Amino acid sequence: NNCNMKKNLKIELLKSDKGQYYWHIKSSNGKIIAYSGETYKRKASAKKSLESMLKKLHGFDYSVVELW
């Protein structure tokens, strides 16, 4: 039964070629399951958007990787 297993997610914070910031969340199989949906001029704005999403991730283990 997989119901009791923790789901491991990887959150990547990224910077586009145009200098904009964004994030996406990958499942344990490497597929993107959520993303910021827009880019941000400031890192702080991208992180604030991500924090809003993280509040919805109850029952998940995740790691955050900053790639900017």
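Two strands are taken as paired if DSSP finds at least two bridges between them. On that basis, in this predicted model, Ile 25 stands opposite Ala 34 in strand 3. The bridge belongs to an open sheet of four strands, whose order is 3-2-1-4 and whose pairing is mixed. Helix 1 lies across strand 1, strand 2, strand 3 and strand 4, and the largest nonpolar core comprises nine residues.

**Sheet architecture**

- Strand 3 and strand 4 occupy the edges of the sheet and have a single partner strand each, so one side of each is left without a neighbour in the sheet.
- From one strand to the next, the twist averages 25°.
- Strand 1 and strand 2 are antiparallel and pair over six bridges.
- Strand 2 also pairs with strand 3 (residues 32-35), again in the antiparallel sense, over three bridges.
- His 24 has a bridge partner in each of two strands: Glu 12 stands opposite His 24 of strand 2, and Tyr 35 is the partner of His 24 in strand 3.

**Hairpins**

- The hairpin of strand 1 and strand 2 has five residues between the strands, and Gly 19 in this hairpin takes a positive phi near 85°.
- Strand 2 and strand 3 likewise form a hairpin with five residues between them, in whose turn Gly 30 has a positive phi of about 90°.

**Helix and nonpolar core**

- Helix 1 runs at about 30° to strand 2.
- The members of the largest nonpolar core are Leu 9, Ile 11, Leu 13, Trp 23, Ile 25, Ala 34, Leu 50, Leu 54 and Leu 57.
- At least two residues of this core come from each of strand 1 (7-15), strand 2 and helix 1 (43-54).
- Strand 1 gives the most to the core, with three residues.
- Both residues of the Ile 25 and Ala 34 bridge are also members of this core.

**Surroundings of Trp 23**

- Trp 23, itself a core residue, is in contact with Glu 12, Leu 13, Ala 34, Tyr 35, Ser 36, Ala 46, Ser 49, Leu 50 and Met 53, when neighbours within four places in sequence are left aside.
- Among these contacts of Trp 23, Leu 13, Ala 34 and Leu 50 also belong to the core.
- Glu 12 and Tyr 35, which Trp 23 also contacts, appear in the sheet as bridge partners of His 24.

**Ser 36**

- Ser 36 lies in the loop between strand 3 and helix 1.
- With a relative accessible area of 14%, Ser 36 is buried.
- Its side chain reaches the backbone oxygen of Glu 38 at 2.8 Å.
- Not counting residues up to four places away in sequence, Ser 36 touches Tyr 22 and Trp 23.

**Aromatic pair**

- One aromatic pair is found in a search of the whole structure.
- The ring centres of Tyr 21 and Trp 68 lie 5.0 Å apart and the ring planes stand at 85°, so the pair is edge-to-face.
- This pair links distant parts of the chain, 47 residues apart: Tyr 21 is in strand 2 (residues 21-26), whereas Trp 68 is in the segment after strand 4 (60-66).
- Tyr 21 counts as buried because its relative accessibility of 11% falls under the 20% limit for burial.
- Trp 68, with a relative accessible area of 22%, is partly exposed.

Methods. Residues numbered from 1 in each chain as written. Predicted model: local features only at pLDDT ≥ 70, side-chain atom pairs only at ≥ 80, totals over all residues. Heavy atoms only, no water. Phe/Tyr/Trp six-rings, centres within 6.5 Å; stacked < 30°, edge-to-face > 60°. Buried < 20%, exposed > 50% of the residue type's maximum accessible area, 1.4 Å probe, protein only. Core = buried A, V, L, I, M, F, W, Y, C linked by side-chain atoms within 4.5 Å. Contact = heavy atoms within 4.5 Å. Axes fitted to C-alpha atoms, helices over the stretch in contact; angles between N-to-C directions. Polar contact = N/O pair within 3.5 Å; in protein donor to acceptor, adjacent residues only side chain to side chain.
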